[in-house]
Amino acid sequence: MKTSSWSGTDAAAHVRLSVVIPTYGRAERVARLVTDLAGQTLSPRAFEVVVVDDGSPEDPRPRLAAVEVPFRLVVERQANHGPAAARHRGVELARGDVVLFLDDDMIPAPRLLEEHLAAHDATLRANAASR
């Protein structure tokens, strides 16, 4: 039952951040989250969104296909194996240097992704300086 699709920017472009969203039975909620992520202050070229549907009774792909986004969007559907398996599959599909997991019912602040990457960068600089 594994199938994938993507939309948005060039699939081969390098992204710094992969947002992985496992979901089950919440097509409307995950579509709303994906739509909200289009309003992030981080450039859409710097991140991608990977949605992994964990065998929902209703396929969320048609609902997600209707969402227009400026970033790379990957949608994977797998047999039901639980949220941990969906997260793991999302990491396998992710291309970013950093992976951020979001729940499908979250409402992200507009600067969430930008600030998340800034925190990673600050940690890397602090670790490099302490050596």
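The paragraphs below go through the fold, the strands, the core, the surface patch and the salt bridges of this predicted model.

The secondary structure consists of four helices and five strands. Along the sequence they follow the pattern β-β-α-β-α-β-α-β-α. The protein has 131 residues, and buried residues make up 41% of them.

Strand β2, residues 17-23, is a convenient place to start, since two of its pairings can be traced. β2 pairs with β3 in the parallel sense over seven bridges. Within this pairing, Ile21 of β2 has Val51 as its bridge partner in β3. β2 also pairs with β5, again in the parallel sense, over four bridges. Here Leu17 stands opposite Val98 in β5. A further spatial relation involves Leu73, which lies in strand β4. The C-alpha atoms of Leu73 and Val19 are 9.6 Å apart in space, while the two residues are 54 apart in sequence. Leu73 has a relative accessibility of 3% and therefore counts as buried, the cut-off being under 20%.

Strands β3 and β5 can be read by the faces of their side chains. In a regular strand the side chains alternate between the two faces of the sheet. In β3, eight of eight residues are buried. Phe47, Val49, Val51 and Asp53 lie on one side and Glu48, Val50, Val52 and Asp54 on the other, and both faces are covered. The buried set of β3 thus includes the acidic residues Glu48, Asp53 and Asp54 along with Val and Phe residues. Strand β5, residues 98-101, has a buried face and one that is not. Val98 and Leu100 point to the buried face, whereas Val99 and Phe101 point to the other and are not buried.

The side of β5 that is not buried leads to the surface. Val99 and Phe101 join Val91 in a nonpolar surface patch of about 220 Å². Phe101, which belongs to strand β5, counts as partly exposed because its relative accessibility is 40%, between the limits of 20% and 50%.

Helix α1 spans residues 27-37, and its buried residues are Ala27, Val30, Ala31, Leu33, Val34 and Leu37. These residues lie on the same side of α1, because they cover an arc of only 160° around the axis. The spacing fits a general rule: an α-helix has 3.6 residues a turn, so residues three or four places apart point the same way.

Which residues touch the most other members of the largest nonpolar core? They are Leu17, Ile21, Val34, Leu37 and Val49, out of 24 residues in that core. At least two residues of the core come from each of β2, α1, β3, β4 (72-78), β5 and α4 (112-129). Helix α1 gives the largest share, five residues. In soluble globular proteins, nonpolar side chains tend to be buried together.

The charged side chains form another set of contacts. Across the whole structure there are twelve salt bridges. One of them joins Arg77 to Asp53, with the closest N and O atoms 2.5 Å apart. This pair links distant parts of the chain, as Arg77 is in strand β4 and Asp53 in strand β3, 24 residues apart. Are these two partners buried or exposed? Arg77 is buried, since its relative accessible area is 9%, and Asp53 counts as buried because its relative accessibility is 1%. The two residues are also part of a network of salt bridges that links Asp53, Asp59, Arg61 and Arg77.

The salt bridges of Arg111 have another setting. Arg111 meets Glu114 in a salt bridge at 3.5 Å, N to O. Arg111 also forms a salt bridge with Glu115, where the closest N and O atoms are 2.9 Å apart. Arg111 counts as partly exposed because its relative accessibility is 41%. Both partners fall in that class too: Glu114 is partly exposed, with a relative accessible area of 29%, and Glu115 is partly exposed at 44% relative accessibility.

Terms used:
Residues are numbered from 1 along each chain as its sequence is written. This is a predicted model: local features need pLDDT of at least 70, side-chain atom pairs count only at pLDDT 80 or more; totals for chains, interfaces and linings use all residues. Side-chain values use heavy atoms; hydrogens and water are left out. Buried means under 20% relative accessible area, exposed over 50%, partly exposed in between (1.4 Å probe, protein chains only). The arc is that of the directions from the helix axis to the C-beta atoms. Two strands pair if DSSP finds at least two bridges between them. Patches are made of residues with over 30% relative accessible area and no salt bridge: like charges are joined within 9 Å, nonpolar side chains (Val, Leu, Ile, Met, Phe, Trp, Tyr) within 5 Å. Accessible areas come from the Shrake-Rupley method with a 1.4 Å probe; for residues, only the protein chains shown count as cover. A salt bridge is a side-chain nitrogen of Lys or Arg within 4 Å of a carboxyl oxygen of Asp or Glu. A nonpolar core is a set of buried Ala, Val, Leu, Ile, Met, Phe, Trp, Tyr and Cys residues joined through side-chain atoms within 4.5 Å.
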